[in-house]
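Student: Got a minute to go through this one with me? I'd like to talk about cavities and charge pairs.
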Amino acid sequence: MTGMNDSSYGNSGYGRKPFQRSRSHFTDRITADGRDGWPVEAGRYRLVVSRACPWASRAVISRRLLGLEPALSMAIADPLQDDRSWRFTLDQDDRDPVLGIRYLSEAYDRRESDYPGGVSVPAIVDVPSGQLVTNDFQRITLDLATEWKDLHREGAPDLYPERLRGEIDEVMAGVYEDVNNGVYRAGFATGQQQYEAACAGVFRRLEQLAERLRGQRYLVGETLTEADIRLFTTLVRFDAAYHGHFKCNRWKLTENPVLWAYARDLFQTPGFGDTVDFDHIKRHYYRVHTGINPTRIVPLGPDSSGWSAPHHREILGGHPFGDGTPPGPVPSAEVVPAAGRP
């Protein structure tokens with residue numbers, strides 16, 4: 001596989017202009033009734049992700065927990081995106097073997113030209129036409145949990161149970177504003193006050209979540225839900241990227257006993273840790289955000305071996321999959337390389 005010249009990597013604007021997360025421009029939904037023109041259909045769509053991206057990692061985890069691998073294929077982009085978009089340089093001939101494209105932007109261009117908001121993951125592409133269907137990161141996983149039910153594996157968990165949706169939505173809203181998005185507002189801040197406000201919000205919310213989790217194993221109810229997935233994807237990156245690179249350094253995840261045990265519990269649950277690639281995470285954040293890290297040096301630490309340590313959260317009760325079962329082994333083509341595992 002050939003790569004591009006190192007000088008072409010990076011999004012140098014990060015850290016030099018005020019941060020504002022773009023709203024998803026392509027918000028069509030893939031539904032059981034096909035009301036947006038995109039019916040759920042096994043084999044028709046391809047999920048494009050980066051293992052470095054927390055927003056995409058939500059979809060990776062959901063797809064695995066629900067057993068959608070046979071129905072929804074997955075493309076994994078190079079963590080070193082360039083200014084032209086996410087690249088398929090991990091694949092032979094630098095092309096996605098199913099879509100036949102070198103850049104995710106090609107699927108966007110087939111759908112619409114001069115679209116706002118840039119090229120983001122996760123994205124779902126219609127394989128027959130090669131067109132992007134959706135990049136709505138907030139909706140994709142909810143639809144995988146609800147609209148794709150007929151294609152779920154036997155024993156799949158209910159990640160968005162109807163009776164708990166109000167509470168799940170409330171918890172997720174706070175997690176999104178102050179944690180998922182908060183670390184980015186702190187990391188890409190262009191002024192001291194802006195940074196301090198964002199950083200304070202991150203830790204204020206984390207402390208509230210730790211208090212909530214002190215006496216219960218999961219965020220909402222007795223089983224895993226979408227809320228846990230959304231918090232996990234930030235926690236698993238916290239010490240590796242956000243503590244140092246984004247200056248969210250009041251304390252490390254490993255220094256908070258409740259959140260560290262909770263994160264280890266999830267990491268050791270099939271479908272979570274087996275999708276995490278610490279190598280992709282670190283290389284993406286430290287090498288792409290050249291406005292923050294102009295040397296593009298990737299730190300050696302932190303030591304990730306502690307992710308496999310006992311967490312003892314089972315004493316709080318609950319069961320990760322409810323009345324269901326864990327997912328089976330990771331498909332061989334999707335196993336995280338040794339360099340990315342603890």
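Tutor: Sure, a definition to begin with: helices (H or I, at least four residues) and strands (E, at least two) are DSSP runs, numbered from the N terminus. This is a predicted model, where local features need pLDDT of at least 70, side-chain atom pairs count only at pLDDT 80 or more, and totals for chains, interfaces and linings use all residues. Residues are numbered from 1 along each chain as its sequence is written, and side-chain values use heavy atoms, leaving out hydrogens and water.
Student: Which helix gives the largest share of the lining of the largest cavity?
Tutor: Helix 3 (residues 137-146), with four residues. A cavity here is a set of points on a 1 Å grid over the protein atoms alone where a 1.4 Å probe fits but cannot get out, and lining residues have an atom within 4 Å of a point.
Student: What residues line it?
Tutor: Among them are Arg 29, Arg 139, Asp 143 and Trp 148.
Student: Switching topic, how far apart are the N and O atoms in the Arg 139 and Asp 143 salt bridge?
Tutor: 3.1 Å; a salt bridge is a side-chain nitrogen of Lys or Arg within 4 Å of a carboxyl oxygen of Asp or Glu. Arg 139 and Asp 143 sit four residues apart in helix 3, so about one helical turn separates them.
Student: Is Asp 143 buried or exposed?
Tutor: Buried, at 5% relative accessible area (buried is under 20%, exposed over 50%, partly exposed in between, with a 1.4 Å probe and protein chains only). Arg 139 is partly exposed at 26%.
Student: Which residues share that network?
Tutor: Salt bridges with shared partners join Arg 29, Asp 33, Arg 35, Arg 139, Asp 143 and Glu 147.

Note on methods. On a 1 Å grid over the protein atoms alone, a cavity is a set of points where a 1.4 Å probe fits but cannot get out, and a pocket is an open set with protein on both sides within 12 Å along at least five of seven lines; lining residues have an atom within 4 Å of a point.
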